[in-house]
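Colleague: I have some questions about this model before I go back to the bench. Could you take me through it?

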Amino acid sequence: MLTVGYGLALADPLPPLDLELFGQMHLLHPRTHDKDASVPASNAGAPSTDSSGLIVAGGATARVRF
């Protein structure tokens, strides 16, 4: 997992404003999921299934101070 964030506070002569940003990246390592022998062959992914991937998330907040 990699996470990055940044915050900025603006003041005089600008309006009092706070900004915050963040980003995340999650790397899902390849994995095989073996299903129990009692799972019917007609079940999706029987007898096993693989998973892997990348999850990316981000966000921002803004606040005005009075």
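Colleague: Which residue in β2 stands opposite Leu 10?

Modeller: This is a predicted model. In it, β1 and β2 form a hairpin, with 6 residues between them. The two strands pair in the antiparallel sense over 9 bridges. The residue of β2 opposite Leu 10 is Leu 17.

Colleague: Over how many bridges do β2 and β3 pair?

Modeller: Here too the pairing is antiparallel. One pair of facing residues is Leu 19 and, in β3, Ala 62. The number of bridges between β2 and β3 is 16.

Colleague: Which are the edge strands?

Modeller: The open sheet has 3 strands, in the order β1-β2-β3, with antiparallel pairing. An edge strand here pairs on one side only, and that applies to β1 and β3. On average, neighbouring strands of this sheet are turned by 5° against each other, direction ignored. The edge strands are therefore, given that two strands pair if DSSP finds at least two bridges between them, β1 and β3.

Colleague: Which strands each supply at least two residues of the nonpolar patch?

Modeller: The patch lies on the surface, covers about 600 Å² and is made by Leu 2, Val 4, Met 25, Leu 27, Leu 54 and Val 56. The strands to check against that list span 2-10, 17-34 and 48-64. Those supplying at least two residues each are β1, β2 and β3.

Colleague: Is Leu 54 buried or exposed?

Modeller: Leu 54 is found in strand β3 and is one of the residues that make the nonpolar patch. Its relative accessibility is 52%, and the cut-off for exposed is over 50%. Leu 54 therefore counts as exposed.

Technical notes. Residues are numbered from 1 along each chain as its sequence is written. This is a predicted model: local features need pLDDT of at least 70, side-chain atom pairs count only at pLDDT 80 or more; totals for chains, interfaces and linings use all residues. Side-chain values use heavy atoms; hydrogens and water are left out. Patches are made of residues with over 30% relative accessible area and no salt bridge: like charges are joined within 9 Å, nonpolar side chains (Val, Leu, Ile, Met, Phe, Trp, Tyr) within 5 Å. Accessible areas come from the Shrake-Rupley method with a 1.4 Å probe; for residues, only the protein chains shown count as cover. A salt bridge is a side-chain nitrogen of Lys or Arg within 4 Å of a carboxyl oxygen of Asp or Glu. Helices (H or I, at least four residues) and strands (E, at least two) are DSSP runs, numbered from the N terminus. Buried means under 20% relative accessible area, exposed over 50%, partly exposed in between (1.4 Å probe, protein chains only). Axes are lines fitted to C-alpha atoms, for helices over the stretch in contact, and angles run from 0 to 180 degrees between N-to-C directions.
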